[in-house]
Amino acid sequence: MNVSIVGSGYVGTTVAACLADLGHEVVTIDIDEDIVDTVNDGRPPIHEPGLDELVAEHGGGRLRASTDYDEILDTELTMLALPTPSNDDGSIDLQFMEAGAASVGEALAGAENAATDPHLVVTKSTVVPNTTEDRLAPRIADAGLERGTDFLVASNPEFQREGTAVADFLNPDKLVFGTDDDRATDLLHDLYAPLREAADGDVPVVETGIAEAEMIKYANNTFLATKVSLINDIGNICKEFGVDAYEVADAIGLDDRIGEQFLRSGVGWGGSCFPKDTDAIIAAAREQGYDPAVLSAAVELNDAQPERLLSLLDDHVDVSGKRIAVLGLAFKPGTDDIRNTRAVPVIEGLKERGAEIVAYDPVATENMRERYPDIEYADSAAAALAGASGAVVVTDWDEFAALDTEFDEMADPVVVDGRRIIERREGITYEGLTW
Ligand SMILES: NC(=O)C1=CN([C@@H]2O[C@H](COP(=O)(O)OP(=O)(O)OC[C@H]3O[C@@H](n4cnc5c(N)ncnc54)[C@H](O)[C@@H]3O)[C@@H](O)[C@H]2O)C=CC1
Ligand SMILES: O=C(O)[C@H]1O[C@H](OP(=O)(O)OP(=O)(O)OC[C@H]2O[C@@H](n3ccc(=O)[nH]c3=O)[C@H](O)[C@@H]2O)[C@H](O)[C@@H](O)[C@@H]1O
């Protein structure tokens, strides 16, 4: 199939490269010329394991990039993989989606065969229920197009994670096709047929309505975020009783109804999606007159975990004027992404306390340096620990598990672990956040 994807960021580029690898002809459309040049040169615009190889193999060939929306005219369907950030009040900001939908409509309106060949426009981005219906389809139609004749719309949310995006896309737990027209459903089946054939096991397809598909994405993300907040709540209780929350989590995870994943308690969830998506669906629900109590509590608990980490440090060290090491800056291991990382509230809390911060991360240092140019950055965990009067662990990078004699170089070996990655050992004062 010939496919176009508007937005060549984390999702757009990963999906495009994987679809090209599965045999489709794919073009991404982005307003950023540097991104377009990078993809055409065979390099990915983002850091994601496995993506380099795919873009190197297909970039400039079955995978092309362009700034020209007219490229969609040679394709059967267009996915919108544009940003859906938050407004100041947490509600979803749809300006990029509406601009992209309008540009797609204008391009289609210029096509000679537009009236005879309905073009499918698929919402890939995460948007609150009814966005495709109420906000995007009308923008496409604004160009003088008729829905059903000139274009169709659908929702096909994406569940990939950063750090494992390629593997997640190629072997998804499910595909969700939200449509209101059999022609749209058929096109989505054609698009994913090679993926389902190549996948390791059966990939279930959920055929549903457009708004249901949009809501499934929020239910998925907020359920997982709330699961982590719940295990953090349970973990905080465990800590009060001197009980090991990880032993408790391992045991309850054996119950199939609970499941073993997303039970790692600690300093909380961050990233580009859990925080913004939770805020967006809470805001959207409130606009409808419903206040989601559990989701609000999940956010509140998540916001409080970094301060709990710091108060454990306070129990052992008066950090004012002291050198304190922050180990890990990325929102999770395997990425240089610092969007909504828990490291930010931790750094803020240390600054408020007057600590001298020395931070270390294997890949996210440069991103954090842009945000906090005034703190010290070490080249290794060992260098960060040397002379420090305390250390906090924010990201569970594997290399932190191997730290050992490096702690002997600390001025005062107090370690507060927000991710259970450091082994308790002789010679250090160790506090786990929930164990
Ligand atoms: N990052 C992730 O792992 C996941 C993200 N999502 C959702 O996917 C959507 C996209 O997220 P990301 O890929 O992370 O965003 P991103 O910010 O990495 O990429 C968006 C791209 O769109 C481009 N763009 C902006 N306006 C444009 C326009 N009018 N026309 C053409 N291009 C334009 C930007 O230059 C950028 O390259 C969001 O709704 C997000 O919630 C869903 C699943 C996973
Ligand atoms: O919509 C999205 O963008 C994506 O959001 C998450 O993916 P991602 O944010 O990349 O990373 P996760 O692995 O889900 O981790 C999110 C946060 O939760 C934290 N977490 C996760 C699991 C856990 O047990 N404990 C825990 O604290 C991580 O440290 C991280 O800060 C979802 O897992 C994806 O399915 C979804 O597509």
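Which residues does UniProt place under the feature "binding site"? I started my notebook with that one. The unreviewed entry gives Phe159, Gln160, Arg161, Glu162, Lys217, Phe262, Leu263, Arg264, Ser265, Gly266, Gly270 and Lys332. I then checked how scattered they are: they cover 174 residues of sequence, and in space their C-alpha atoms lie up to 24.5 Å apart. I should jot down that this is a predicted model, and that the site comes from the UniProt record.

Next I picked one of the listed residues, Gln160. I found Gln160 in a loop, with strand 6 (151-155) on one side and helix 6 (165-170) on the other.

Then I looked up how the chain is divided. I got domain 1, residues 2-208, and domain 2, residues 246-434. Their centres, taken over C-alpha atoms, are 34 Å apart. I counted who takes part in the contact: 14 residues come from domain 1 and 15 from domain 2.

How much area do domain 1 and domain 2 bury between them? I noted about 1100 Å², with 52% of it on carbon and sulfur atoms. I wrote a reminder for myself: interface size is often quoted as the accessible area lost when the parts come together.

I went looking for charged pairs across this interface too. The rule finds 1 salt bridge between domain 1 and domain 2. Glu162 and Arg339 have side chains that meet in a salt bridge, N to O at 3.5 Å. Glu162 was already in my notes, as it is among the UniProt "binding site" residues. For polar contacts between the two domains, I have 5 residue pairs, both partners at pLDDT 80 or more. On the side of domain 1 that touches domain 2, I sorted the residues into 5 nonpolar, 7 polar and 2 charged.

Last entry: the record's own domain label. UniProt (unreviewed entry) lists residues 325-424 as "domain: UDP-glucose/GDP-mannose dehydrogenase C-terminal". Over that stretch I read 26% helix and 18% strand. The C-alpha atoms at its two ends are 18 Å apart.

How values were computed:
Residues numbered from 1 in each chain as written. Chains lettered and ligands numbered in written order. Predicted model: local features only at pLDDT ≥ 70, side-chain atom pairs only at ≥ 80, totals over all residues. Heavy atoms only, no water. Domains from an automatic or database assignment. Contact = heavy atoms within 4.5 Å. Buried area = accessible area lost by both parts, 1.4 Å probe. Salt bridge = Lys/Arg side-chain N within 4 Å of Asp/Glu carboxyl O. Polar contact = N/O pair within 3.5 Å; in protein donor to acceptor, adjacent residues only side chain to side chain. Nonpolar A, V, L, I, M, F, W, Y, C, P; charged D, E, K, R; others polar. UniProt positions renumbered as here; feature names shortened; annotations may be inferred. Helix = DSSP H or I, 4+ residues; strand = E, 2+ residues; numbered from the N terminus.
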